[in-house]
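Colleague: I have a new model open and would like to learn how to read it. Could you walk me through it?

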Amino acid sequence: MTRYLPALCAALLMLAVSFATTGAAFAQGGPAAAPTSAVDVHPLPPAADPASSFDVEKATNAYLARVSGEARKKSDSYFEGGYWLLLWDALYAIVVSAILLFTRFSSRMRKIAEGITRSRFLQAPIYILQYIVVTTVLTLPMSIFEDYLREHEYGMSNQNLMQWFGDFGIIFVVNLVVFTLIGTIVYAAIRRTKQYWWVWGAAITIVFLVIGAAVAPVFISPLLNRYQPLHEGTLKQNILSLARSEGIPVDNVYEFDASRQTKRMSANVSGMFGTTRISMNDNLIKRGSDREILAVLGHEMGHYVLGHVTTGITMFGIVIVIAFGFAAWGFGALTSVFGGIWDVRSVDDPAGLPVLMALVTFFFLIATPVTNTITRSQEAQADIFGVNAARQPDGFAEAALHLSEYRKLEPSPLEEFVFYDHPSGRNRIHMMMVWKKQHLNDADIKAGPVSPQ
Ligand SMILES: [Zn+2]
């Protein structure tokens, strides 16, 4: 559910609504996770090492072989289709911008704003409101195809069209409010700061990102799903015990009814400044084994302990500054050629918004490997943290297989670098099996399932 507005808006909303992403995770094992002992990694001569019979590659391949045939084909084709959607979404958004500019529809929307008020401050939001309504309507066919039809084609969705439109409407209203507010302030900054407006524009956007990250779990997410404390029981006790042993000051874990929308399993950590929380969706609870759930939660706790919401915003902040700089440069270059045809005067003219949006969309398309690598590195860190905390390598491998329903298991290294915002299933399972080999002599691992079968 992302493409309701051109790429930037979607990216910002996603980031704000739930930063640290969908679950990956680990397996069960003893509850409260003893810290990994350094003794485990003392090398023994192969023959003397009882672990030597455990073959990392074989164990990895045995897991991967569990998803084969039609299931493998389906998830590969679903995920690879996503590569093309990135391109089509961006092209579509750029074409929409071009249409608004070359037909002078954009300059007409500005004239409507000028007709309503002489205040330049208020002309910006009046233009932006029209812009969001028009672009939402123009990109609606793409949204329906991508987020409704395609999800149904692959059996991923639990919604009928009415329910889907209900969520679409809620997100539209949130977008309308949030982006009108951000845009109005950015245009005020542009008028005041002239040449270096893009620095201020980026700074304002980042501030809103932080506010969004803090506010979203409390005010936005509950608009789409019902959040409630996870039901009492051994699982919850094990999760809270794991959290306490990692020094995480949470006294609750939340579950939300993602099955309202989708069949996907996921969990996330979201929020900032006291609103930080760990949530898991009901698909994970229903379909995952206890050790799998604990593994996933160990991973999510990794995001929390490693401060990924903060570092993520910092790193994305740098990308956003560059994006604004690129947009400022591109705006000058394009309007010096087409400004007359478009009737777009200068960068403080709201009618130039489609130019800026097209440039930013293009920038984020090109920057896909960079933004994916930022999140993928954090995910890999959380994977390692999680298995050391939860000590559930097999549970995590099982989770990786579950996630393969919508994520290609074995991409090429280049594919993974460009398109993956999480490590691939193969890499995750391999990492878990490497970890397991190092811990085979630990009592809890010895007692657990040694072979993936
Ligand atoms: Zn994660």
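Modeller: Happy to; we will go from the whole chain to single helices and then to single residues. One thing to keep in mind is that this is a predicted model.

Colleague: Let's start wide, then. How many helices and strands does the chain have?

Modeller: The secondary structure comes to 18 helices and four strands. The chain has 453 residues, and 54% of them count as buried. You can also ask how contacts spread along the sequence: among those between residues at least 6 apart, 82% join residues at least 24 apart.

Colleague: Now a single helix. Which residues of α2 are buried?

Modeller: First the general idea: an α-helix has 3.6 residues a turn, so residues three or four places apart point the same way. Now the case here. Helix α2 runs over residues 56–64, and V56, A59, T60, Y63 and L64 are its buried residues. These residues lie on the same side of α2, because they cover an arc of only 135 degrees around the axis.

Colleague: And what do the buried residues of α2 pack against?

Modeller: Their partners are α3 (69–102), α15 (393–403) and α17 (425–438). While you are there, look at the start of α2: a side-chain oxygen of D55 comes to within 2.9 Å of the backbone nitrogen of E57.

Colleague: I see α17 again further on. At what angle do α14 and α17 pack?

Modeller: For a helix pair, look at the angle, the spacing and the residues that make the contact. Helix α14 (residues 368–390) packs with α17 at an angle of about 35 degrees, and the two axes are 11 Å apart. The crossing of α14 past α17 is right-handed. On the α14 side, the contact is made by E379, A380, D383, I384, V387 and N388, while α17 brings R428, M431, M432 and W435. By class, this contact of α14 with α17 has six nonpolar, one polar and three charged residues.

Colleague: Staying in α14, I clicked on T375. Is T375 buried or exposed?

Modeller: T375 counts as buried because its relative accessible area is 13%, and the cut-off for buried is under 20%. A polar atom of the T375 side chain lies 3.1 Å from the backbone oxygen of N372. If you set aside neighbours within four places in sequence, T375 is in contact with F316 and D421.

Colleague: Next, backbone angles. Which sign of phi should I expect?

Modeller: Most residues other than glycine have a negative phi. That makes positive values a handy thing to look for. R104, in the loop between α3 and α4 (105–116), has a phi near 60 degrees. R391 also has a positive phi, about 55 degrees, although it is not a glycine.

Colleague: Where does R391 lie, and how accessible are R391 and R104?

Modeller: R391 lies in the loop between α14 and α15. R391 counts as buried because its relative accessibility is 6%. R104 counts as partly exposed, at 35%.

Colleague: Last topic: how do I compare separation along the chain with separation in space?

Modeller: Pick a pair of residues and read both numbers. G325 and V360 are 35 residues apart along the chain, and their C-alpha atoms are separated by 9.8 Å. G325 lies in helix α12 (residues 308–342) and counts as buried, at 19% relative accessibility.

Colleague: How many residues apart in sequence are N238 and A390?

Modeller: They are 152 residues apart in sequence, and 9.7 Å apart in space from C-alpha to C-alpha. N238 has its place in helix α9 (residues 234–245) and is partly exposed, at 21% relative accessibility.

Colleague: And which residues does F165 touch?

Modeller: Not counting residues up to four places away in sequence, F165 touches L140 and I144. F165 and I144 are 21 residues apart in sequence, with 9.2 Å between their C-alpha atoms. F165 is found in helix α7 (residues 161–193) and is partly exposed, with a relative accessible area of 31%. For one more pair, try I220 of helix α8 (residues 197–224): I220 and V174 are 46 residues apart along the chain, and their C-alpha atoms are separated by 8.1 Å.

Technical notes: Residues are numbered from 1 along each chain as its sequence is written. This is a predicted model: local features need pLDDT of at least 70, side-chain atom pairs count only at pLDDT 80 or more; totals for chains, interfaces and linings use all residues. Side-chain values use heavy atoms; hydrogens and water are left out. Buried means under 20% relative accessible area, exposed over 50%, partly exposed in between (1.4 Å probe, protein chains only). Helices (H or I, at least four residues) and strands (E, at least two) are DSSP runs, numbered from the N terminus. The arc is that of the directions from the helix axis to the C-beta atoms. Contact means heavy atoms within 4.5 Å. A polar contact is a pair of N or O atoms within 3.5 Å; within protein, one must be able to donate a hydrogen and the other to accept it, and residues adjacent in sequence count only if both atoms are side-chain atoms. Axes are lines fitted to C-alpha atoms, for helices over the stretch in contact, and angles run from 0 to 180 degrees between N-to-C directions. A crossing is left-handed if the near helix is turned anticlockwise from the far one by less than a right angle, and right-handed if clockwise. Ala, Val, Leu, Ile, Met, Phe, Trp, Tyr, Cys and Pro count as nonpolar, Asp, Glu, Lys and Arg as charged, and the others, Gly among them, as polar.
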